[in-house]
Amino acid sequence: MALRIQRRVRGPPAGRPERWLNWVVRQRTTHRVIGTLQATVRADRRRASVAYLFAPQYWGRGYAAESLTAILAALRDQYGISEFEARVDARNDRSIRLLERLGFESVRTVPHAEYLSGAWGDEHVFRLRAGGPVARGERPATTRGRRTPRLRPPAAHGV
Ligand SMILES: CC(C)(COP(=O)(O)OP(=O)(O)OC[C@H]1O[C@@H](n2cnc3c(N)ncnc32)[C@H](O)[C@@H]1OP(=O)(O)O)[C@@H](O)C(=O)NCCC(=O)NCCS
């Protein structure tokens with residue numbers, strides 16, 4: 001895990017025209033680290049890929065939806081991103097529910113793309129255009145009534 005984080009923070013290999021952004025999510029009341037989110041922004045800034053990981057004991061409380069909503073807004077407002085992408089194992093129901101709640105749509109499926117828990121599985125490619133539900137400022141149902149968290153500038157590396 002530590003190695004993976006070190007690699008992310010170092011940023012993309014030299015010559016790769018993209019920028020890696022990393023966020024850490026802390027629970028407001030306890031300040032505990034409960035999850036991380038990443039975005040890869042292409043040099044042309046037309047699209048950003050997003051990924052996220054939360055500790056299992058904090059699942060089912062809407063934290064991922066709240067955090068992802070905030071970083072999509074930051075990517076749109078601070079980087080001018082017009083399209084977001086996320087790749088999810090077809091067996092990952094929670095992640096699929098999260099993306100669909102935020103307005104992402106599955107645009108294609110890559111067969112046998114990921115080896116997980118001893119078996120190959122398909123991977124769905126989800127996209128959301130800025131100007132879609134989240135970009136228009138409509139809160140997903142799960143985060144309605146919550147304050148959008150204030151974000152510190154992410155650790156940014158690359159172009
Ligand atoms: C994918 C992942 C982030 C989803 O986490 P999650 O906690 O299920 O997602 P959310 O924050 O959207 O929480 C939604 C759930 O919280 C519930 N909830 C409870 N209180 C809530 C509140 N106050 N506000 C919003 N939702 C709330 C919702 O009803 C929903 O429940 P449901 O899943 O039974 O429908 C998490 O499972 C994870 O980290 N997995 C491992 C990493 C991974 O798979 N990443 C994806 C590949 S990039």
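Leu-98 touches Tyr-52, Ala-64, Ala-65 and Leu-68, leaving out residues up to four places away in sequence. That's one spot in a predicted model of a chain with three helices and seven strands. Below is a quick tour: the overall layout, the largest pocket, then a handful of residues worth clicking on.

**Overall layout**

- Reading from the N terminus, the elements go α-β-β-β-α-β-α-β-β-β.
- The chain has 159 residues, and 38% of them count as buried.
- Take the contacts between residues at least 6 apart in sequence: 59% of these join residues at least 24 apart.
- The accessible surface adds up to about 9600 Å², with 50% of that belonging to carbon and sulfur atoms.

**The largest pocket**

- Rolling a probe the size of a water molecule over the atoms shows where empty space is left.
- The largest pocket holds about 1300 Å³ of space.
- It is lined by 40 residues, and the closest to its centre are Ala-51, Tyr-52, Leu-53, Asn-92 and Ser-95.
- Which element gives the most to the lining of the largest pocket? That's β3, with six residues.
- Plenty of other elements chip in: α1 (2–10), β1 (18–26), β2 (33–42), β3 (47–54), α2 (63–79), β4 (83–89), α3 (93–101) and β5 (105–116) each supply at least two residues of the lining.
- Sorted by class, the lining has 17 nonpolar, 14 charged and nine polar residues.

**Leu-98 and its surroundings**

- Leu-98 sits in helix α3.
- Is Leu-98 buried or exposed? With a relative accessibility of 6%, Leu-98 counts as buried, because the cut-off for that is under 20%.
- Leu-68, one of the residues Leu-98 touches, is 30 residues away from Leu-98 in sequence, with 9.1 Å from C-alpha to C-alpha.
- Tyr-52 is also on the contact list of Leu-98, and Tyr-52 turns up among the residues closest to the centre of the largest pocket.

**Ile-34 and the tyrosine pair**

- Ile-34 belongs to strand β2, and its relative accessibility of 2% makes it buried.
- Beyond its neighbours within four places in sequence, Ile-34 is in contact with Val-25, Arg-26, Gln-27, Leu-53, Phe-54, Ala-55, Tyr-58 and Tyr-63.
- Gln-57 is 23 residues from Ile-34 in sequence, and the two C-alpha atoms are 8.6 Å apart.
- Two of the contacts of Ile-34 are Tyr-58 and Tyr-63, so it's worth looking at those rings together.
- A pair of aromatic rings is described by the distance of the centres and the angle of the planes.
- With ring centres within 6.5 Å as the rule, the count comes to two aromatic pairs.
- One of them is Tyr-58 with Tyr-63, at 6.4 Å centre to centre and 55 degrees between the planes.
- Why does the Tyr-58 and Tyr-63 pair count as tilted? Planes under 30 degrees apart would be stacked and over 60 edge-to-face, so 55 degrees falls into the tilted class.
- Both partners are covered up: Tyr-58 is buried at 10% relative accessibility, and Tyr-63 is buried at 18%.

**Arg-87 on strand β4**

- Arg-87 lies in strand β4 and is partly exposed, with a relative accessible area of 41%.
- Not counting residues up to four places away in sequence, Arg-87 touches Arg-108, Val-110, Glu-123, His-124 and Val-125.
- How far apart are the C-alpha atoms of Arg-87 and His-124, and what separates the two along the chain? The C-alpha atoms are 5.7 Å apart, with the two positions 37 residues apart in sequence numbering.

**Positive phi outside glycine**

- Arg-45 has a phi near 60 degrees, a positive value in a residue other than glycine.
- You'll find Arg-45 in the loop between β2 and β3, where it counts as partly exposed at 35% relative accessibility.
- His-112 also has a positive phi, near 50 degrees, and is likewise a residue other than glycine.
- His-112, though, is placed in strand β5.
- At 56% relative accessibility, His-112 counts as exposed, since the threshold is over 50%.

Definitions and conventions:
Residues numbered from 1 in each chain as written. Predicted model: local features only at pLDDT ≥ 70, side-chain atom pairs only at ≥ 80, totals over all residues. Heavy atoms only, no water. Phe/Tyr/Trp six-rings, centres within 6.5 Å; stacked < 30°, edge-to-face > 60°. Buried < 20%, exposed > 50% of the residue type's maximum accessible area, 1.4 Å probe, protein only. Helix = DSSP H or I, 4+ residues; strand = E, 2+ residues; numbered from the N terminus. Contact = heavy atoms within 4.5 Å. Areas by Shrake-Rupley, 256 points an atom, 1.4 Å probe, with all protein chains shown as cover. 1 Å grid on protein atoms, 1.4 Å probe; cavity = no way out; pocket = protein on both sides within 12 Å on 5 of 7 lines; lining within 4 Å. Points joined across faces, edges and corners; volume = space filled by probe spheres on them. Nonpolar A, V, L, I, M, F, W, Y, C, P; charged D, E, K, R; others polar.
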